[in-house]
Each structure stands twice: as structure tokens, then as C-alpha cells.
Amino acid sequence: MTNAEQQLATSVLVIGTGGSGLRAAIELAEQGTDVLVLGKRPKTDAHTTLAAGGINAALATMDTADTWQQHAADTLTESYLLADPATVRVVTEGAAESIKDLERYGMAFAREHDGRISQRFFGAHTFRRTAFAGDYTGLELQRTLVRRAQQLAIPILDSIYVTRLLVDDNVIFGAYGFDLGHGTRYAIRADAVILATGGHTRIWRRTSSRRDENTGDALRLAVEAGGRIRDPELVQFHPSGLIEPEDSAGTLVSEAARGEGGILRNDLGERFMKRYDPERMELSTRDRVALAAYTEIKEGRGTPRGGVWLDVSHLPRAQIMDRLPRVYQTLMDLQLLDITTTPIEIAPTAHYSMGGVWVRPEDHGTDVEGLYAIGEASSGLHGANRLGGNSLIELLVYGKLVGRAAAAYSAQRDVQRRSRAALSDARAEVDGILHGDGPENVRFLQRALRNAMTEYAGVVRDEAGLLRGLHEVSELEERLTHVGVHPDIAGFYDLAHAFDLKASVIAARATLEAALERRETRGCHNRSDYPKLDERLQVNLVWSGPGRIDREPIHAIPQDISAHMRAVSADGKLVE
Ligand SMILES: Cc1cc2nc3c(=O)[nH]c(=O)nc-3n(C[C@H](O)[C@H](O)[C@H](O)COP(=O)(O)OP(=O)(O)OC[C@H]3O[C@@H](n4cnc5c(N)ncnc54)[C@H](O)[C@@H]3O)c2cc1C
């Protein structure tokens, strides 16, 4: 073990090796700009690899009437009018070109017999618009981008945990961190920094993110650097996450299980969707099914472990093996459970952060000069509900665009900033946590935070619960100052978990305060004390620190897009 400090310098630093970070780095390298990429988990295994269903672009390979304007209109409709129209335009208009780039990098898209890229329905899209690579679109995307990055010899250090962004007088000049294996510190200087560190869904107990992923690092890093957070309360819950085993709680059971004829029952054996959507039953929309399951559990008709039953065992075994192979395999691997004979215990699971770091639509620059944010870390595209398949395309379109913007920004700098004070603050922060030997255990506090968020800021919220949640977060903020961290020969993971917790506590506070402020029910955000949509709240909520929330007006939707807007049914279409 060593505490030596490594000094590095680059033109543009990318933090995050998921789809968005890699795509930005590729653009920078293709432009001839010096770039370095950091990540806190192996580059071949970023969260992006989990994406299954597909990626959207109005290619019109299947439905020739499709246009980017229609894609934009569907995105805005699904967002309950909280998406930023300019951001939506950038993504939908740039989507086809981004798919072409992926073809150029050799991505193995599913194709029709004549070579056209296949596209399928996915959620509330007017047309078949989702391109895919089997059931493993995210994995194939990540492999494709890693391969391209290797061809371009892009340096990637994927065992570096970034603890702080380095800022002087509101201008970014790098980042500070440590190596997870041996603890070596890294002070990295850069003209521009791109934050591609994912969302904050791991602050709930059940989440489709894996352990130590999506702990809210983007929110903490940005806010501490002087940035702001937009709409942190807008988090999408997926109806079917596993309950067990605890460290995989929330792992998704694909909505295909309901699509194929799966039946939902409460612990009394009642087919409860009759109460909530008697016509569509289990084929109702994701938010309604999540709300229904949540209500059954809250009202005491759930299983003793707090779930409901999803049963496909009445379907022919051959159908299950043919159409739901990933669900079958996941349940076998995690629970040794045979879904052809036994029902699955599920509960709603936090799935996607629609809010994130505040960014400008034109270049995803933040309030801090030279700092950019992309991917699930950023905000603007999804509003109060994400259209299935829109996340992956956002990574690519903005990855490319931000790569270019950061390259141009770097090229016009005359000097590279430095601040010894900022650097020594960053060092002191790591030292402080590392040498603290308090009685509090990080994993225990993480669990307490997740329990509080699940109890008070889950699928349905109300003022009393949110205030209670804030009270518990205040207690955790205090206890966090007494954690004991014990790196050992195996590595500095304990230190990383302490920083994860710091980030999660900030993300939780932002989420609770914004959820309190949004006194309405809209899209993913259900307030039992304000059950109706409030037109005066057709605004974004921008959080800049404890107790500071501003309302940001949303620009009008241009006529060439609004002309295409109408409600689109998601019946019988999968969304993941
Ligand atoms: C089960 C599942 C299915 C999905 N299916 C789809 C789908 O079909 N279509 C779709 O469009 N979307 C889908 N999504 C959503 C989509 O996969 C994600 O939104 C997207 O991949 C996020 O990519 P990203 O680049 O923003 O971040 P990530 O892939 O989360 O990468 C974040 C990176 O940041 C790094 N990082 C974080 N904090 C730090 C730190 N402090 N220091 C250093 N590095 C750090 C991590 O190591 C990682 O490399 C799905 C999600 C899940 C969970």
C-alpha cells in the first residue's frame, strides 16, 4: 500500500467509462485532441452493459413514415411536458447519424434479410423505431465502443475513483482521486472535464443498478464544484425487480414476462390488476403497474417480504425457454428458482434517473466553465417519464457533440489553470476520511439511507413522509462524519464506499427537497396528498444546495414538432 501521488495532465478528462464517456472520448481522439478516461469499475462492465431492449432513431427502416420530428413529439409527450424541447431536438435529429457511427465502428445490429437494420416497437413510440442487438444491446454497444477506443489508443484508467473536481474561480482545471487497488492518489490537470458518471438510483434499496453503481457521484461532484441539479425527484420505477438475494435486490425481471402472459397476484392470491386497470390488466403501462404493486404492498396485501407474485408457470415450457430465456437464466442464477413451475416474488425497483446535472442544451456545458455532463448524469431529455430506448441514443448524440465542444474549448485556452489551494483541499478531504477512525460503519449507513429513501421517497410520496425522510438524512449526514475506514491489502474499496455514501446523502437530500417542492402528481412522481397534475408546475426544479430550489421555465415547443404530438398507446409494447 502506498499514498504516493501521481501527477497527470491531458487536454480533456472524461470521468466515466460507460457508453456516454466512451463515445465522448472517441470523438475527442478522432478530432486529434488529447484525452484521458477514468472509471471506478472495469470498462467492459460499466452499467451500460445492462441495457437490453434497444436504441432509438427514426431510421424508417421498417415504418417509412417515421421522422425525427415524430420521435421528438413522442419524447415530449411521454415527458409530461417537462423535457427541454431544444435537447429533444438535438437528440432526435442527431440520432440517425449516431447509429451510422456505430455501424462504422462495427456494431452488430439485428438486421432484416435485405440488410436493413431491424427496428421494433418499444414503449409509447408511434412507429417501430428501436434498433437492437438481440437482448443484449447495451453489452454489444459497450463492446463496440471499447474496441473503437482501443483502435484509437485512448488511455483508460478504470480503477481510479474520482473524489473531487478541481476548480479555481469557477473554472475547471482537473480532478482528484485515488486508485482502488493500491490507494495511489491522482491529481489530473485538464482544460476541460466531462462528467459521465451515471445516475443516483442506487440510493433506493431495490434498484436495477448493481452494487456500488449509480450512487449519485455526478450530483455530488457537480454541486461541490459549483454546478446545479435539475429535477432530481424524477426517477423512474420499474414494476418488476427481484426481492432476493439482498445484494441483487431490484435486478430486473423483463416486462416481456408480462407481455408473454405473466399474471400478477398479491399474497391473498388475487389478480390485483383488476382493481387498477381492468381492461389492460398486466399489459397496463409501466408506471400504472408499479403503482398498483406498490399500493398492494403498502395496504398489507403483499408477501411477508414486501412483494407481489409474478407467475408465468401456466405458460408452455417451450414458450418460456424461447421467449424469456434471460428471465429463466437470471432466476436460476440468483435464486435457483425454476420459473416454469414457480412464481417469482417481485417489487417495484428504482430504475432510471431522469433528472441530473443542469446543462445547456447546445453543448451540455454546466454552470462551471469547462465542465460538461452527459448521459444519465445529465438532464433535459426525459422530463417526468423516459421513453424506452431514448437513454442509449442520448449517450451517443451528446457524447459526440460534447466531445467536439470540449475539444474546441480546450483549443482556445491560452493557459491551463492551477490552484494549490483547491488541490490541497482535495488531498485533505481524502486524508480526513482515510484517517478517521470513528465507530460508524459505511455499509450500515448506506443501508439506513436506502431504507429511508424506499420508505419515504418511493413510488408514492407525501409531505409527512418526505419531511421524515429529510430528518433521517440529517441524522445520517451527522453520522457520516464519524465513519471508520479500513483499507487493507485487498484494496481501498472501503474508502470508495465512504465517498459513495457522501454522494448518496447529497443525492438523497436533493431528491427529497425537490419531491417536497413538486406538489403535484406527474409522470413518475406520485404525491398522494396532491393527486392531480398542476399546470403551474410545468417547470423544472433546479437544486443548488440544501434548501435552495429555483423554478426554471420550459421553452415553448416549436410548431414543427408540436404538430405531431398526441398520446401514443404503449399497449403490448415492451419497455425496459
Ligand atoms: C436493466 C437495464 C436495462 C436498460 N435497458 C435500456 C434500453 O434498452 N435502452 C435504453 O436506452 N436504456 C436502457 N437502460 C438505461 C441505460 O442503460 C443507462 O441509462 C445508460 O447506459 C447510462 O450510461 P452512462 O454512460 O450515462 O453511465 P454508466 O454506464 O452508468 O457509466 C458510468 C461510469 O461512471 C463511472 N463512475 C461513476 N462514479 C465515478 C467516480 N466517482 N469516479 C470514477 N468513475 C466513476 C463508472 O465506473 C462508469 O464507468 C437500461 C438500464 C438498465 C439498468
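Ten residues are named here as the lining of the largest cavity in this predicted model: Val235, Gln236, Phe237, Arg286, Asp287, Ala290, Asn385, Val459, Cys524 and Asn526. The space inside the largest cavity is about 90 Å³. Two elements, β10 (235–242) and α8 (286–298), each contribute at least two residues to this lining. By class, the lining of the largest cavity holds five nonpolar, three polar and two charged residues.

How many cavities of 30 Å³ or more does the whole structure hold? The search finds two. The second largest cavity has about 50 Å³ of space. Leu82, Arg230, Asp231, Leu234, Met354, Gly355, Ser379, Gly380, Gly383 and Asn540 form its lining. Here the classes are three nonpolar, five polar and two charged. Glycine counts as polar in this scheme, and Gly355, Gly380 and Gly383 are among the residues that line the second largest cavity.

**The ligand site**

The ligand has 37 residues around it. Ser20, Thr48, Asp217, Glu376 and Ser391 are the closest. Which classes make up this shell? It divides into 13 nonpolar, 19 polar and five charged residues.

Three contacts between protein and ligand are listed below.

| Residue | Protein atom | Ligand atom | Distance |
|---|---|---|---|
| Lysine 40 | backbone N or O | oxygen | 3.1 Å |
| Threonine 48 | side-chain N or O | oxygen | 2.6 Å |
| Aspartate 217 | polar side-chain atom | nitrogen | 2.8 Å |

Lysine 40 uses a backbone atom for its contact. Threonine 48 reaches a ligand oxygen from its side chain. Aspartate 217 also uses its side chain, with a ligand nitrogen as partner. Is the ligand mostly exposed or buried? Taken alone, the ligand exposes 1,000 Å², and the protein buries 97% of that.

Which elements give two or more residues to the shell around the ligand? They are α1 (19–30), β6 (160–168), β13 (344–353) and α11 (390–411). The largest share comes from α11, with four residues. Two of the closest residues fall within these elements: Ser20 lies in α1 and Ser391 in α11.

**In brief**

The largest cavity, with about 90 Å³ of space, draws on β10 and α8 for its lining. The second largest cavity has about 50 Å³. The ligand sits among 37 residues, and the protein buries 97% of the area that the ligand exposes when taken alone.

Methods. Residues are numbered from 1 along each chain as its sequence is written. This is a predicted model: local features need pLDDT of at least 70, side-chain atom pairs count only at pLDDT 80 or more; totals for chains, interfaces and linings use all residues. Side-chain values use heavy atoms; hydrogens and water are left out. On a 1 Å grid over the protein atoms alone, a cavity is a set of points where a 1.4 Å probe fits but cannot get out, and a pocket is an open set with protein on both sides within 12 Å along at least five of seven lines; lining residues have an atom within 4 Å of a point. Grid points are joined across faces, edges and corners, and a volume is the space filled by probe spheres set on the points. A residue is near a molecule or strand if one of its heavy atoms lies within 4 Å of it. A polar contact is a pair of N or O atoms within 3.5 Å; within protein, one must be able to donate a hydrogen and the other to accept it, and residues adjacent in sequence count only if both atoms are side-chain atoms. Accessible areas come from the Shrake-Rupley method with a 1.4 Å probe; for residues, only the protein chains shown count as cover.
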